[in-house]
Amino acid sequence: MIRIQKLSKTFDRTPVLTDLNMTIQTGSIYGLIGVNGAGKTTLIKNMSGMLRGDGGSITYDGESIWENDMLKQSIGLIPDDLYFPNGYSLRDMRSVYSGFYENWNDDRFHQLTELFKLDEKAKIRTFSKGMKKQAAFCLVMATMPAYLLLDEPIDGLDPIVRKLVWKTIVNDVADRQMSVLVSSHNLKEMEGICDYIGILSHGRMLMERELDSVKHDLHKIQISYGKNTPEQDPFAGFNVLRRESRGTVELMVVKGSIDRIEKTIRATDPVIFDILPLSLEEIFIYELGGEDDEISKLIF
Amino acid sequence: MKSANLYSSPSKAWYKENFRRFWVLPLIEFLALFLVNILPIMLNYGRFECIYDYASTSLWGYNIANIVLLCSMAIVVSTAVFSYIHGVASATIVHSMPITRRELFRGSFFSGLVMLIIPLILTGILFLCMSGAHISADALKTICGTSEYNIITIKAICIWVFESSVIVAFVYTMANLAGILAGSRLIHVLLALFINGLPFVLLEIFYLYEDNFFFGYPEDESPFAFSFVSPVSYMASKFGRPEIAELYPHLIYIAVIIAVTLFTSWLYTRIKLERERNACVFPAVADIICVLLTFICMSLLGLLIASSVSDIDNGLIQRIPFIIVCIASSVFIYMICRMIADGTTKIFSKVNLKKFGIYVIVVAVFFAFTLFDITGYQQRVPEASKVASVTLETNYAVQPSIDLKSGKSIDSIISLQKALLSEYKNQGFGQVSSDDLTIRYQLKNGRTLSRSYSLPVYNGKHGNIKTTEAFKNIFNSAEFSRANLYNTSASAIKSIAELKFTNTYSKNKDYEESEETVIASKDYYGLLKAMNKDILTMDFNDFSTIVNNDYDYPSVDLRLNSRKSMDESSFYLNKSTKNTIKYLKATGYWEQ
């Protein structure tokens, strides 16, 4: 488990992270969402041990990351700004990484380069931006990290490769209980991937939610009574976050137990009663009231 | 399936990585060393006498091409091995790898050092292969100043490798410190040059201040410190074959290298990498560098412009243009330095104004001590009761250095210094003059008080009546006359390396020729006796005539068996040296 407590970081008196608290459970994928300048990259650099916070702590299963080379053996980082020494091929990079990481898995590396169809002998500087991302992904995943830190990982990747990347990550999470932190400035990218979502704004954690519990609590309902509209509002006793009428059909987002809602509504004999899937952005819009400018920036 | 066989250890992997990426640098260094040192010997292997001077300069460590090459390579290698710190992407990747900063520094430092020293060892081996080259017996007779036919010895090669390694390690260490302080590769290189050159520049500037504004500052003290400040200047300023004893300063340099490296390593663990795009990652260091650079540039500009707009003067007149230039240049240079340090042209803030204010205060204090001599350095004359002995070094005497101990002589010297101070406006001030006078008081409390003065021509025009009178008193004293004589004891004569008669004569107005005749050792005693007889009859006017006529006389030159230049002296012959001339003519050395 990665635990961040009261983490603060200032760049020349400008606060970048302020009293940040965050927990990433073992074997889960945590989506860190924030607009540009929210502090995502700084947080990841602190988590990778490159930067040191001015206050607070970052621990991996109770161990501090700062100058902890043994712990870093189990951390894989793919930064937004990639680095490969000039003139190096993937094969050269393989020998660098394999020398540093004791868990280096050569077979895995070859499997991944084959999966992404990357030429190990070609100079990396000839690769496109997306190919460089894939190369970094192959190298990092071959170190068999227990913790994976990804800063805007799918930026520049085509949809097919994105799927492959996510598939590999999800498999590792399932097979090896790998803990993953993924940062993005777009909520849509996190759809269907993350177990937890945290929204970072101006260096502070605006909100942090486990998606299963949010989804379990929040429901999008489509309902119509035709001409037989009941005299009393059937939703009177419920927490309705949003209500929209389209002719005789009403669309609403309701918070509460789905069993209770369903039982109550079915008793009023509606013509149409559907429970629709909620997208991630809808969850956050309704959860936060939808008025927050920060949230709208993340969604649109 | 886990394939751990490729794993070494992060430290080893980092060494390996550095060697793999930068192997070309030691190759370049080796090729350059080969071109500078080995190739000339190879090309002249059979006629080594043609290359003897150059080869000895190289092997004895003061070949400037070698020194420049080693310094450049040290800075280049340092910039290369620590380049990863200055890139955002590289710093992120490298510092997230399973290796501590201490190990990273150690790996970078030692891999760079090994890459710098291996070419030196290889060049040493090639020198060894060239050890068969030597001067032929016939040529040996014609090469003046050497009795050695073979200089490429194992001992000389080992010393060369050692001294060169110390130079390269010293510059490399300072460049590494610069690399840790700098926030970009360009600033790394500039700061490496700055840190390595800083001691020389500061010493030279302090020397210039003292020389220009301190009347009586002993000129030979600063160059002495200057040569010891770094192995680079030490090697560049030395001459002759290095002896084992001369290697002792290198032990101090090695201690400095270790201390600076430990400090740099500690500093590296404290760097805030987010500041890497700034000129300097430690803001306080950036402020110090701004102040130092401003001070250096201000001083150089001030001294250059002030000396060109006003004649040398001992009073405040010289200082006024200097101070005006200093104020103007300080503002201008500080602004430029601040812009570089802050990375912006928007430097006009209260904070920067406050920093400049601190600089002004520091410079004002410095000027109070130098330009305005608030400590009274120039006027300091010891009390006769506190002086144990005094040494006089003057061109007006035959002996280069004369030690005087009697109370009367000490009083005379103190009177001379007081006379010089009272007539100081007439003395050459801040000028290079061959007519220097140095007084060294050995005080009873164990301290030494030294003063040097450049003397004007003593023909009475400048009205140096008191100084001339004081000089005459010294020359008339029995102790001075005795101390000015040549030692004619058997042991002293045995220590004479060479005694020669140099006769200079003009063929026409523009062409002068000199002829040297080596005096036979059997004539040493007689000649010295004759010279002493003349010295006892000569007064101050006789000596000043020789100086005033620019030593344009035949001379007897004496060199003792010692490497110190102080052990060389010349005795000039004119109408007041009748006994010496008579002896030389009688023994057939003076035929014309």
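**Exercise 1. Determine how many helices and strands chain A has, and how its residues are buried and connected.**

Solution. Counting DSSP runs numbered from the N terminus, with helices (H or I) of at least four residues and strands (E) of at least two, gives 10 helices and 14 strands for chain A. The model is a predicted one, in which local features need pLDDT of at least 70 and side-chain atom pairs count only at pLDDT 80 or more, while totals for chains, interfaces and linings use all residues. Residues are numbered from 1 along each chain as its sequence is written, and chains are lettered from A and ligands numbered from 1 in the order in which they are written.

Next, the C-alpha atoms of chain A fill a box of roughly 75 × 45 × 30 Å along the principal axes. A residue is called buried if 20 or more other C-beta atoms, placed from the backbone, lie within 10 Å of its own, exposed if 12 or fewer do, and partly exposed in between; by this criterion 38% of the 300 residues in chain A are buried. Finally, with a contact defined by C-beta atoms, placed from the backbone, within 7 Å, residues 24 or more positions apart make up 70% of the chain A contacts that have a separation of 6 or more.

**Exercise 2. Work out the strand order of the open sheet of 4 strands in chain A, and identify the strands at its edges.**

Solution. Two strands pair if DSSP finds at least two bridges between them, and the resulting order is E2-E1-E4-E5 of chain A, with antiparallel pairing. Strand E2 (14-24) and strand E5 (63-64) of chain A each have a single partner strand, so they stand at the edges, with one side of each lacking a neighbour in the sheet. Within the sheet, strand E1 (residues 2-11) and strand E4 (residues 55-60) of chain A are joined by 5 bridges, and A:Ser8 has A:Gly55 as its bridge partner in E4(A). Helix H1 (residues 40-47) of chain A packs on this sheet, where it touches E1, E2 and E4 of chain A and makes about 65° with the direction of E2(A); such angles run from 0 to 180 degrees between N-to-C directions, the axes being lines fitted to C-alpha atoms, for helices over the stretch in contact.

**Exercise 3. Find what covers the buried residues of H3(A), and describe the side of chain B that touches chain A.**

Solution. The buried residues of helix H3 (residues 90-100) of chain A are A:Leu90, A:Arg94, A:Val96, A:Tyr97, A:Ser98, A:Gly99 and A:Phe100. Their cover includes helix H4 (106-115) and helix H5 (129-141) of chain A, together with helix H1 (10-22) of chain B. For the two chains as a whole, 29 residues of chain B are in contact with 28 residues of chain A. On the chain B side, H1 and helix H6 (88-96) each supply at least two residues, and H6(B) gives the most, with 8 residues. If Ala, Val, Leu, Ile, Met, Phe, Trp, Tyr, Cys and Pro count as nonpolar, Asp, Glu, Lys and Arg as charged, and the others, Gly among them, as polar, then this side has 14 nonpolar, 8 polar and 7 charged residues.

**Exercise 4. Analyse how helix H4 (residues 64-81) and helix H7 (residues 101-129) of chain B pack.**

Solution. The two helices pack at an angle of about 145°, with their axes 10 Å apart. The residues making the contact are B:Met73, B:Ala74, B:Val77, B:Ser78 and B:Val81 from H4(B), and B:Ser108, B:Ser111, B:Gly112, B:Met115 and B:Leu116 from H7(B). By class they divide into 6 nonpolar, 4 polar and no charged. As background to such spacings, an α-helix has 3.6 residues a turn, so residues three or four places apart point the same way.

**Exercise 5. Establish whether B:Lys386 is buried or partly exposed, and locate B:Lys386 in chain B.**

Solution. B:Lys386 has 13 other C-beta atoms within 10 Å, so this residue is partly exposed. B:Lys386 lies in the loop between helix H16 (350-370) and E1 of chain B. Not counting residues up to four places away in sequence, B:Lys386 touches B:Leu443 and B:Lys444. By comparison, the C-alpha atom of B:Glu274, 112 residues apart along the chain, is separated from that of B:Lys386 by 61 Å.
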